[in-house]
Each structure stands twice: as structure tokens, then as C-alpha cells.
Amino acid sequence: MLSDGPSGVRGEDFDERHDSLSLPSSSALGASWSLDVARRYGQVVGQEARRKGVHAVLGPTINLHRSPLGGRHFEAFSEDPVLTARLAAAYVDGVQSMDVGATPKHYIANEAETDRSCQGTTFPRWKACTAHCPRTSSSGTPAARRWPRACRNSHAANSTTPSAAFPASA
């Protein structure tokens with residue numbers, strides 16, 4: 001079973017009869033600048049997922065804070081691509097250390113409010129996140145404006161898969 005969060009694990013049922021641990025937002029985690037805290041946060045997410053019978057969580061969100069108008073910034077770590085990449089890798093490592101899959105999501109242009117290059121900010125954080133921790137799945141951008149869907153973009157799909165992005169000896 002897959003489950004969304006974003007600040008915990010929702011589980012199959014989500015109402016007042018089914019409790020869920022509510023964790024601080026990803027932005028609060030980003031403000032810590034701590035890879036150890038991010039890994040422990042991921043472990044808690046993994047433990048909560050196991051308690052709820054969830055096999056994979058839809059997270060972390062690795063978008064960047066690009067505009068003050070972004071209404072879902074609470075799901076993302078920071079505006080810095082390097083910090084986001086490192087925190088995401090630690091988070092994924094923590095989740096997967098509990099034998100639960102992590103699904104880094106919205107990796108291409110989901111935060112774009114105008115046309116901007118993905119190469120400088122998107123691919124490095126995605127590659128850093130996936131280089132350190134094998135992932136079970138990934139989530140493409142559902143509705144990027146004026147751009148093809150990420151999951152249907154051959155450059156995006158082929159340049160970020162572990163086999164294409166990282167040599168076997170890495």
C-alpha cells in the first residue's frame with residue numbers, strides 16, 4: 001500500500017478514528033540543516049508506515065521554495081538545491097532503513113512559476129537523493145505548465161535512473 005503524508009503517514013484510513021503521528025513540516029526539518037535529524041525523521045516515518053501497514057510513502061517532496069506564492073512550500077525542505085538534495089537523501093535513507101519504500105516526488109519543474117532551467121537545480125538534487133539510497137519508485141510532475149510531463153520526457157526519465165545517472169562502480 002502507498003500512503004501520502006506529507007508530515008507523517010496518512011495510511012489507508014484518514015479520519016478521527018485512525019490516529020496518525022503528525023511530524024513537523026519539511027520546512028522545519030530544512031531549517032535544522034541536520035542530516036542526522038533528517039535521517040531520524042525518515043526512520044520515524046518508516047516506523048509509522050510499518051505500524052499502519054504501508055509499504056511505500058509518497059515522499060519526500062524535493063521541490064524548492066521558489067516563490068512566496070507557492071502554497072505547498074510546507075512539503076519542501078528549502079530554497080537551496082544542495083541542502084534539499086542532502087536532506088532528501090538522508091530522509092530516504094531513514095525511511096528505507098525501516099524496510100519501507102520512499103518515493104521522492106515532483107522532481108522536475110513542479111515548483112516552476114515561470115520558465116526556468118531544470119539542469120542547474122533539479123537534476124543535481126534528484127541525482128544526489130537517488131545516488132545515496134536506492135529508491136523503489138519516483139513521482140513525476142502531474143501538470144507542469146507548457147512542459148511535457150516528466151514521466152513522459154525521455155531526457156528526464158533516462159538521465160535520472162540509477163543505471164543511467166550513476167556508473168555501476170560509483
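Buried residues are those under 20% relative accessible area and exposed ones those over 50%, with partly exposed residues in between. Asp-93 therefore counts as partly exposed, since its relative accessible area is 30%. The structure described here is a predicted model, and the account below begins with the packing of two helices, turns to the aromatic rings and the charged pairs, and ends with some backbone features.

**Packing of α2 and α3**

Helix α2 covers residues 35–51, and helix α3 covers residues 81–96. The two helices pack at an angle of about 35°, their axes being 6 Å apart, and the crossing in which α2 passes α3 is right-handed. On the α2 side the contact includes Leu-35, Ala-38, Arg-39, Tyr-41 and Gly-42, while on the α3 side Arg-86, Leu-87, Ala-90, Tyr-91 and Asp-93 are among the residues they meet. Sorted by class, the contact of α2 with α3 is made up of 8 nonpolar, 4 polar and 3 charged residues.

Leu-35, which is found in helix α2, shows this packing at the level of a single residue. Once its neighbours within four places in sequence are left aside, Leu-35 is in contact with Arg-86, Leu-87 and Ala-90. The C-alpha atoms of Leu-35 and Ala-90 are separated by 5.8 Å, although the two residues are 55 residues apart along the chain. Leu-35 has a relative accessible area of 43%, so this residue is partly exposed.

**Aromatic rings**

The whole structure contains 2 aromatic pairs. In one of them, the rings of Tyr-41 and Tyr-91 have centres 5.7 Å apart and planes at 40°, so the pair is tilted. Because Tyr-41 lies in helix α2 and Tyr-91 in helix α3, this pair ties together parts that are 50 residues apart in sequence. Tyr-41 is buried, with a relative accessible area of 8%, and Tyr-91 likewise counts as buried, at 4% relative accessibility.

Phe-77 and Tyr-91 form an edge-to-face pair, with 6.2 Å from centre to centre and 65° between the planes. Phe-77 lies in the loop between β2 (56–57) and α3, whereas Tyr-91 is in helix α3, so the pair ties together parts that are 14 residues apart in sequence. Both Phe-77 and Tyr-91 are buried, and ring pairs link Tyr-41, Phe-77 and Tyr-91 into a cluster.

**Salt bridges**

Side chains of opposite charge can pair when their charged atoms come close. In this model the count comes to 6 salt bridges, and some of them are set out below.

| Salt bridge | N to O distance |
|---|---|
| Asp-36 and Arg-40 | 3.1 Å |
| Asp-93 and Arg-39 | 2.5 Å |
| Arg-51 and Glu-48 | 2.8 Å |

The salt bridge of Asp-93 with Arg-39 links distant parts of the chain, with Asp-93 in helix α3 and Arg-39 in helix α2, 54 residues apart. Arg-39 is partly exposed, with a relative accessible area of 28%, and both Arg-39 and Asp-93 also appear among the residues through which α2 and α3 meet.

Asp-36 and Arg-40, by contrast, both lie in helix α2 and are 4 residues apart, about one turn of the helix. Asp-36 is partly exposed at a relative accessible area of 47%, and Arg-40 is partly exposed at 46%. Arg-51 and Glu-48 both lie in helix α2 as well, 3 residues apart, again about one turn of the helix. Here Arg-51 is partly exposed, with a relative accessible area of 47%, whereas Glu-48 counts as buried at 8% relative accessibility. Salt bridges also link Asp-4, Glu-75 and Lys-105 in a network.

**Backbone features in the loops**

The peptide bond from Gly-59 to Pro-60 is cis, with omega near 10°, and Pro-60 has its place in the loop between β2 and α3. Trp-33 has a positive phi of about 55° although it is not a glycine; this residue is found in the loop between α1 (26–32) and α2, and Trp-33 is exposed, with a relative accessible area of 64%. Asp-99, also not a glycine, has a positive phi of about 60°. Asp-99 lies in the loop between α3 and β3 (101–102) and is exposed, its relative accessible area being 66%.

Definitions and conventions
Residues are numbered from 1 along each chain as its sequence is written. This is a predicted model: local features need pLDDT of at least 70, side-chain atom pairs count only at pLDDT 80 or more; totals for chains, interfaces and linings use all residues. Side-chain values use heavy atoms; hydrogens and water are left out. A salt bridge is a side-chain nitrogen of Lys or Arg within 4 Å of a carboxyl oxygen of Asp or Glu. Buried means under 20% relative accessible area, exposed over 50%, partly exposed in between (1.4 Å probe, protein chains only). Contact means heavy atoms within 4.5 Å. Axes are lines fitted to C-alpha atoms, for helices over the stretch in contact, and angles run from 0 to 180 degrees between N-to-C directions. A crossing is left-handed if the near helix is turned anticlockwise from the far one by less than a right angle, and right-handed if clockwise. Ala, Val, Leu, Ile, Met, Phe, Trp, Tyr, Cys and Pro count as nonpolar, Asp, Glu, Lys and Arg as charged, and the others, Gly among them, as polar. Rings of Phe, Tyr and Trp (its six-membered ring) pair if their centres lie within 6.5 Å; planes under 30 degrees apart count as stacked, over 60 as edge-to-face and the rest as tilted.
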